[in-house]
Amino acid sequence: HDAALRADRRWRPADAMAAASSASSGERGLLTARSSLRRSHTLTNTDELRKVCRYGTKCTRRNPQHMADEAHPADPDYLDCCRAAGVQPEFISLYQLFKYCDHDGSGKARREEMSAIWHHLQSLSSFLGPLDDDNWHSMDDDGNGFVNFSEFADFATKFHVDLPLGLDALLGDACRKDDTLCCGVKGCSCRNFAERRPRCKYGAECYRRSDDHKRDFCHPTDADWEANSSVRDPNMCSCGHKRKLHSSASRGASIVAYPSYWASVVRGDSEFNELVAVGTDMLPRLQRLVDMTYSDVTTRDRVRHSGSWMVPRNYVVTRALRNENSRMWRKYTIKKADLEVERQENERLLIQNPQAAASLPPYDVVNDVLTTQAWVASDADGLASNINEWYLWHGTSQTAAITICHTDFKMRLAGTTTGTLYGRGTYLAESITKADEYAKEEDGSFTVLLCRVLGGRVRHCGEREPDPNTLTRDCVEGPYDCVVGDRRKISGTYREFVIFDAENVYPEYLLTYMRGEVFKSPSHP
């Protein structure tokens with residue numbers, strides 16, 4: 001029945017944008033609820049938008065009252081204040097530029113939204129042409145019709161857009177520590193924050209010649225003499241701009257931290273992409289994970305892909321590779337940090353404004369995922385359970401698995417193997433047996449990926465005949481991040497986990513295995 005439904009209820013080519021236009025008012029409320037949550041932290045304690053300081057990045061005032069009364073380029077409410085006042089913002093980071101493009105705060109930008117800021121990108125890059133189909137498809141790396149910040153940042157780095165990423169606050173502990181802070185003010189050549197030096201009190205009559213004194217104090221013959229004062233200011237750079245207008249100069253591999261057990265070594269911003277053979281201690285752990293997630297339940301999808309109801313009695317792991325891909329891990333880490341900030345805002349909203357919080361669906365923690373329970377029990381790295389970070393299986397061919405590890409999941413190809421019962425996304429499973437239904441034999445063995453997954457806010461679906469367009473829209477444009485289709489509840493088979501954004505999945509391990517003897521299980525019709 002599962003296979004028949006997949007064939008009959010295909011996700012139609014008309015994408016979520018078209019579906020959203022016919023949504024009911026209740027559905028549209030859900031679509032905007034998440035946007036309201038993402039932007040709720042930009043309001044002051046009085047829920048009022050502030051006046052925009054007319055001096056912007058050139059403001060040198062330190063008066064606490066002025067800082068409280070007027071918004072400045074590094075303030076979290078700056079963009080909303082600019083929108084309300086009809087003021088053109090000064091952009092100091094790529095993250096800020098993307099947030100301005102993402103005017104509804106959904107975390108995703110459509111092509112028409114991106115076109116509104118394209119001239120800003122072009123003014124910051126000598127290599128960027130018009131927003132044509134080639135540039136749009138290059139930016140929309142996973143092909144889901146929207147661009148999130150990770151995709152935007154990768155694209156901007158590729159075309160040498162002259163703005164820092166501005167992710168220091170978002171990434172927090174996940175950000176690699178780097179003392180080099182780059183100025184984000186357009187036209188400023190400062191690439192490393194240097195505290196503005198005070199004037200030497202002796203001026204031209206100074207008799208000291210030590211290098212330390214010359215480094216710490218400026219003199220009349222120095223270029224920064226006129227701009228500096230006699231007071232030391234640790235929050236002002238020698239370039240003339242405040243410290244908070246600076247952010248990490250890192251752009252590539254060095255922007256985020258990596259798992260301690262990875263073998264790859266970070267060398268500056270140079271990317272790395274390696275499939276590394278796991279140690280002898282890891283293979284038994286992966287075998288135990290396979291054993292603990294085994295089930296003898298069969299489904300029509302097994303018949304569809306292998307031609308038989310018969311189920312293997314076991315699976316034997318013969319080889320395992322760890323995917324160490326800096327670009328994909330960076331995108332995953334940024335998305336994870338974004339979801340954690342959103343979850344914090346959700347908790348804050350529940351306390352400060354319960355009525356507004358009621359417009360959002362509940363944020364359920366799904367902590368009974370079999371794969372995750374088994375992996376955590378093996379003393380593996382901890383996962384962020386508060387945002388539903390899981391480990392899940394994805395069955396495929398060896399050729400496709402290697403391609404995914406090198407280039408990521410492509411949503412434009414989603415559903416070509418598994419069908420689209422719950423929408424056009426990447427399908428994952430908590431049972432190795434379910435994932436094995438989609439694995440393809442190559443050279444006498446089969447392949448499965450063990451993936452880290454960011455479930456976020458879960459859209460539970462227990463319907464026998466779900467509407468894939470509605471489910472896709474709820475996740476791509478609405479408040480949800482994934483769909484959990486509960487065929488276990490409906491027909492006693494398995495749950496399926498569907499992700500619609502490639503940044504929410506990191507394929508960490510590639511396992512090659514052999515199927516055991518097949519038999520007629522009790523679930524055989």
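Pro-89 is found in the loop that joins α5 to α6. In this predicted model, Pro-89 is buried, with a relative accessible area of 6%. Apart from neighbours within four places in sequence, Pro-89 is in contact with Tyr-78, Leu-79, Cys-82 and Tyr-100. Tyr-78 is 11 residues from Pro-89 along the chain, and the two C-alpha atoms are separated by 7.9 Å. Tyr-78, Leu-79 and Cys-82 are themselves buried residues of α5, as are Asp-80 and Cys-81. Just after α5, Gly-86 takes a positive phi of about 70°.

A second proline, Pro-76, is placed in the loop between β2 (70-71) and α5. Pro-76 is exposed, because its relative accessible area of 51% lies over the 50% cut-off. The C-alpha atom of Pro-76 is separated by 9.3 Å from that of Gln-96, 20 residues away along the chain.

The chain as a whole contains 21 helices and 17 strands. Of its 525 residues, 55% are buried. The exposed area of the chain is about 23100 Å², of which carbon and sulfur atoms supply 51%. Among contacts with a separation of 6 or more, 74% are between residues 24 or more positions apart.

In soluble globular proteins, nonpolar side chains tend to be buried together. The largest nonpolar core of the model has 52 residues, and the residues with the most contacts inside it are Leu-94, Met-114, Trp-118, Phe-149, Phe-152 and Leu-167. At least two residues of this core come from each of α5 (78-85), α6 (94-101), α8 (118-123), α9 (133-139), α10 (149-158), α11 (168-171) and α15 (326-352). The most is given by α15, with six residues. Phe-149 touches Leu-94, Tyr-95, Phe-98, Gly-107, Leu-165, Leu-167 and Ile-334, when residues up to four places away in sequence are not counted. A second, separate core has 23 residues, including Met-282, Ala-320, Trp-375 and Phe-446.

Met-282 and Trp-375, both in that second core, also take part in a helix-helix contact between α13 and α17. Helix α13 (residues 282-292) packs against helix α17 (residues 370-377) at an angle of about 145°, and the axes are 9 Å apart. The crossing of α13 past α17 is right-handed. On the α13 side, the contact is formed by Met-282, Arg-285, Leu-286, Leu-289 and Met-292; on the α17 side, Leu-370, Thr-371, Ala-374 and Trp-375 meet them. By class, the residues of this contact are seven nonpolar, one polar and one charged. An α-helix has 3.6 residues a turn, so residues three or four places apart point the same way.

The buried residues of α13 are Met-282, Arg-285, Leu-286, Gln-287, Leu-289 and Val-290. Helix α17 is one of the elements that cover them. The cover also includes β9 (315-325), β10 (389-396), α19 (432-436), β12 (446-454) and β16 (505-515).

The loop between α16 (354-357) and α17 holds Asp-368. Asp-368 is partly exposed, with a relative accessible area of 34%. Leaving aside neighbours within four places in sequence, the contacts of Asp-368 are with Gln-373, Glu-430, Arg-488 and Arg-495. Of these, Glu-430 is 62 residues from Asp-368 in sequence and 9.9 Å from it in space, C-alpha to C-alpha.

Positive phi values also occur at residues other than glycine, including His-160, with a phi of about 55°. His-160 is in the loop between α10 and α11. With 53% relative accessibility, His-160 counts as exposed. Asp-443 likewise has a positive phi of about 55° and is not a glycine. The loop that contains Asp-443 runs between α19 and β12. Asp-443 is exposed, with a relative accessible area of 79%.

Note on methods
Residues are numbered from 1 along each chain as its sequence is written. This is a predicted model: local features need pLDDT of at least 70, side-chain atom pairs count only at pLDDT 80 or more; totals for chains, interfaces and linings use all residues. Side-chain values use heavy atoms; hydrogens and water are left out. Axes are lines fitted to C-alpha atoms, for helices over the stretch in contact, and angles run from 0 to 180 degrees between N-to-C directions. Helices (H or I, at least four residues) and strands (E, at least two) are DSSP runs, numbered from the N terminus. A crossing is left-handed if the near helix is turned anticlockwise from the far one by less than a right angle, and right-handed if clockwise. Contact means heavy atoms within 4.5 Å. Ala, Val, Leu, Ile, Met, Phe, Trp, Tyr, Cys and Pro count as nonpolar, Asp, Glu, Lys and Arg as charged, and the others, Gly among them, as polar. Buried means under 20% relative accessible area, exposed over 50%, partly exposed in between (1.4 Å probe, protein chains only). Accessible areas come from the Shrake-Rupley method with a 1.4 Å probe; for residues, only the protein chains shown count as cover. A nonpolar core is a set of buried Ala, Val, Leu, Ile, Met, Phe, Trp, Tyr and Cys residues joined through side-chain atoms within 4.5 Å.
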